Amino acid sequence: MLTRLFRLHGLLVASHPWEVIVGTIALTVCLVSMSSLAASNQVCSWNSECPKLQERILSGDIIILTVTRCMAIVYIYVQFQNLRQLGSKYILGIAGLFTVFSSFVFSTVVIHFLGKELTGLNEALPFFLLLIDLSKACTLAKFALSSNSQEEVRENIAQGMAILGPTFTLDAMVECLVIGVGTMSGVPQLEIMCCFGCISVLANYFVFMTFFPACVSLVLELSRESREGRPIWQLSHFALVLAEEEDNKPNPVTQRVKIIMSLGLVLVHAHSRLTTEQRGQNRTADGPVAHRLETSQSLWPLTLTSMEIEQVITLGLALLLAVKYVFFEKTEAESSLSLRSRATSSSGALNHRGAQEGCRREHTPATAPLNTSNSSNESKSDAIFRGKREVNGQGQAVKNAPTTAPHTDPRPQGQPPSAFQNSLPSGPQAALPPEPRPVDQCLAILADPQRGARFLSDAEVMQLVTSRDVLTYKLEAVMETPERGVAIRREMLASKLPVSSALDRLPYKDYDYSQVNGTCCENVIGYMPVPVGVAGPLLLDGKQFHVPMATTEGCLVASTNRGCRAVALSGGCSSRVLADGMTRGPVVRLPSACRAAEVKAWLETSEGFTLIKQAFDHTSRFARLEKLLICLAGRNLYIRFQSQTGDAMGMNMLSKGTEQAVHRLQQQYPDVQVLSVSGNYCTDKKPAAINWVLGRGKSAVCEATVPARVVREVLKSSTAALVELNVNKNLVGSAMAGSIGGFNAHAANIVAAIYIACGQDPAQTVGSSNCITLMEPAGPSGQDLYVSCTMPSIELGTVGGGTNLGPQQACLQMLGVQGASAAKPGDNSRQLASVVCATVLAGELSLMAALSAGHLVQSHLTHNRSKLDVPGMAQSLPKT
């Protein structure tokens, strides 16, 4: 029950980081404001007034105080080094610093508000720093960073809070009660320090339970958005984090002792307070009155008018360690949490983590048992390791080997090298047995953060996959490099194929799989090199574009290039984007057709649209609902949502907004039953008249007038022949075939080639190639050729999906449209749509000219016939 409560609390804090952060800051500001209304008389103990001590500090006290301050600074420095092991020293270092700072400020404000004297705070500060333990914050950050998406971040923070919350709560309570004993000592300065220490512990607990997880969740969310929707953090093994924390759970006997001790201390405090109150009642008003502090005294007792020797030593040490931490310490994982786009850094700058991931412990035991508990957290860790928490039949854990093994890649010679092997630390090679070790021993090595997959051979990893202790689709996450996971998957697959050497010619090395996993593809076995040609320059709206086209069809790039030349010699072409709006069409069911008609009528009112729009717009910074199109079939209701999506293609954005809008509709009409968030009324990746008529994505039109000379000399045809052919082929012929949006020669050819090169979804060529090509005679004598292409449903984007991959980003950069537009959201994707439309026009010109002149067959025989000896190749294939 307690674990579930802390889990729900963690999920709430991680899901609403802005609210938690603003609330904490607002509470601190309120306490500061309210403190001015408190009594101006500041007291220095819990129960009575006492004079401000004007004692002469001895030299021995100065030495002890200086040593304590230095210890506190070094302790905090070590804590920040532990945080740095997680990744970016700046992101997590700032989060940790903010936690310490906010705890200190919050404690100070609370004490000031309660009317406690802060005299002696200068001496108490080092002890307060020693009370701060960032190990829990470090562990919670490990949970957050072991995620592939923002949803997993929230879920993992909730899981970490469920594990850490009860223990941290009990520890904070015990610390407060133990430190609180000092407030009953009767020594004024000790009472001050203990009073401050108790409230500081509570403030640190409050910040850890609210402010820190909210900051971590917000930092990772902003980091993710800055990379256009792909995660930039990924510590390998969430299951290892769970197993490690399960192993580190306190002994139940220790927990019971803490609880009993806490109850005893509570009784001691209660007795002390009752005794103090009775003494206070016997006092008279004429008793000794302590000198009160001046109300004008500053909240901060630290004065900077003079600089003592101990202050010089403390300040110098703090500055030295700060400079060392920021400027002279490099972290291997820094690039993995960098907020900069991967496109702006070279591939040679990629740095991989070593074997140590997560927080270091100052005293790591030589052996670490594998987790044997069957807790409720096992289902979460099953995503990577399934089932086996007990190493042997009796449930006894196998101890790991010493953790001082060198950081080397121990795989035997002949196994595929890692793409990032050169970036790993070098050292003597670890000895591996010639035969695979038992599964339980391999599991122990894999679970050891000091060794991990680096100390397993490929055969041992395949053994773990076969036993289902490591899932096949998680190989990239479990291995020290994603490339090794791909290599192992290929090796396991090869033996099951009709031709065992089939994968030899499918490349997989030297590819950045970190941009693929969780975004573009699963169960990766390599990548497909597709030839990329360039057509152009294409003169469009006064600008020149060199258009990348990925294709295996001979003549396509050459033909399109000829069309681009004809357009350029004609003065270029002009384009306009007529509409911009992605669609999603869910289907809902009502109890009756009459009820469905009633809901349809409500959605078409301004009130209904406004309520649905509010729910929809709340889900994204870019998506803004523009219109609803509702149709009815029996008691089924089909609702077509349309919205702009910035520079993203926008299907995920629309789906998320549509889901929330439909939930709002269910609040208005509880009898609405959602059958599917997509009811094919969008319509996506299928031929549909609704896309042809109403448009989807970007609707663009492009036109050009080609002089008669260019038609004759470049296109080798005539205007009359082209116009006649266009009518009979593209218009009448397509109508006879019952085509929808297919009133063109080969628009899909150009669209597919550009889409593959630029990281678009190739399946959306179905709707995006909707095009009508028109040709008319123009000019004074009718010898010039006017040509236009109208494409109402170009579905594309310049962020997200395949546009995150390096080669595809390079092609987008060729066109100057990579990433999100800095000037206005959506400009890059609209420019790309115009380029697609203009390139289609160029391709239409060239192909129609070849058809009219009778050159098509001859050109394909020249450029689109393989010169290879196909029968000879078939005979040379290896037999299995």
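Analyst: Buried means under 20% relative accessible area, exposed over 50%, and partly exposed in between (1.4 Å probe, protein chains only). The model is predicted: local features need pLDDT of at least 70, side-chain atom pairs count only at pLDDT 80 or more, and totals for chains, interfaces and linings use all residues. Residues are numbered from 1 along each chain as its sequence is written, and side-chain values use heavy atoms, with hydrogens and water left out.

User: Why is Arg830 called buried or exposed, whichever applies?

Analyst: Arg830 has 15% relative accessibility. The cut-off for buried is under 20%. Therefore Arg830 counts as buried.

User: And what class does Asp827 get?

Analyst: Asp827 has 31% relative accessibility. That value lies between the 20% and 50% limits, so Asp827 is partly exposed.

User: What makes Arg830 and Asp580 a salt bridge?

Analyst: A salt bridge needs a side-chain nitrogen of Lys or Arg within 4 Å of a carboxyl oxygen of Asp or Glu. Here the closest N and O atoms are 2.7 Å apart, so the pair qualifies. Arg830 sits in helix 27 (residues 827-853) and Asp580 in strand 3, so the bridge ties together parts 250 residues apart in sequence. Both partners are buried.

User: Which helical separation do Asp827 and Arg830 have, and how do you know?

Analyst: The two are three residues apart in helix 27, so about one helical turn separates them. Their side chains also meet in a salt bridge at 3.0 Å, N to O. Helices here are DSSP runs (H or I, at least four residues), strands are E runs (at least two), and both are numbered from the N terminus.

User: Which residues make up the salt-bridge network?

Analyst: Asp580, Lys698, Asp827 and Arg830 are linked. The whole structure has 16 salt bridges.

User: What does the salt bridge of Asp684 and Arg696 tie together?

Analyst: The side chains meet at 3.1 Å, N to O. Asp684 is in the loop between strand 7 and helix 21 (689-694), and Arg696 is in the loop between helix 21 and strand 8 (697-706), so the linked parts are 12 residues apart in sequence. Asp684 and Arg696 are both buried.

User: Why is helix 24 called parallel or oblique to helix 27, whichever applies?

Analyst: Two packed helices are described by the angle between their axes and the distance between the axes. The axes of helix 24 (residues 747-757) and helix 27 come within 9 Å and cross at roughly 135°. Helix 24 is therefore oblique to helix 27. The bands are: under 35 degrees roughly parallel, over 145 roughly antiparallel, 65 to 115 roughly perpendicular, the rest oblique. Axes are lines fitted to C-alpha atoms, for helices over the stretch in contact, with angles from 0 to 180 degrees between N-to-C directions.

User: Which residues of helix 24 meet helix 27?

Analyst: Ala747, Ile750, Val751 and Ile754 meet Val836, Thr839, Val840, Gly843 and Glu844. Contact means heavy atoms within 4.5 Å. The buried residues of helix 24 include Ala747, Ile750, Val751 and Ile754. Just after helix 24, Gly759 takes a positive phi of about 75°.

User: How do you know what span to expect for helix 20?

Analyst: The expected span is 1.5 Å times one less than the number of residues. Helix 20 (residues 651-668) has 18 residues and reaches 26 Å between its first and last C-alpha, close to the expected 26 Å.
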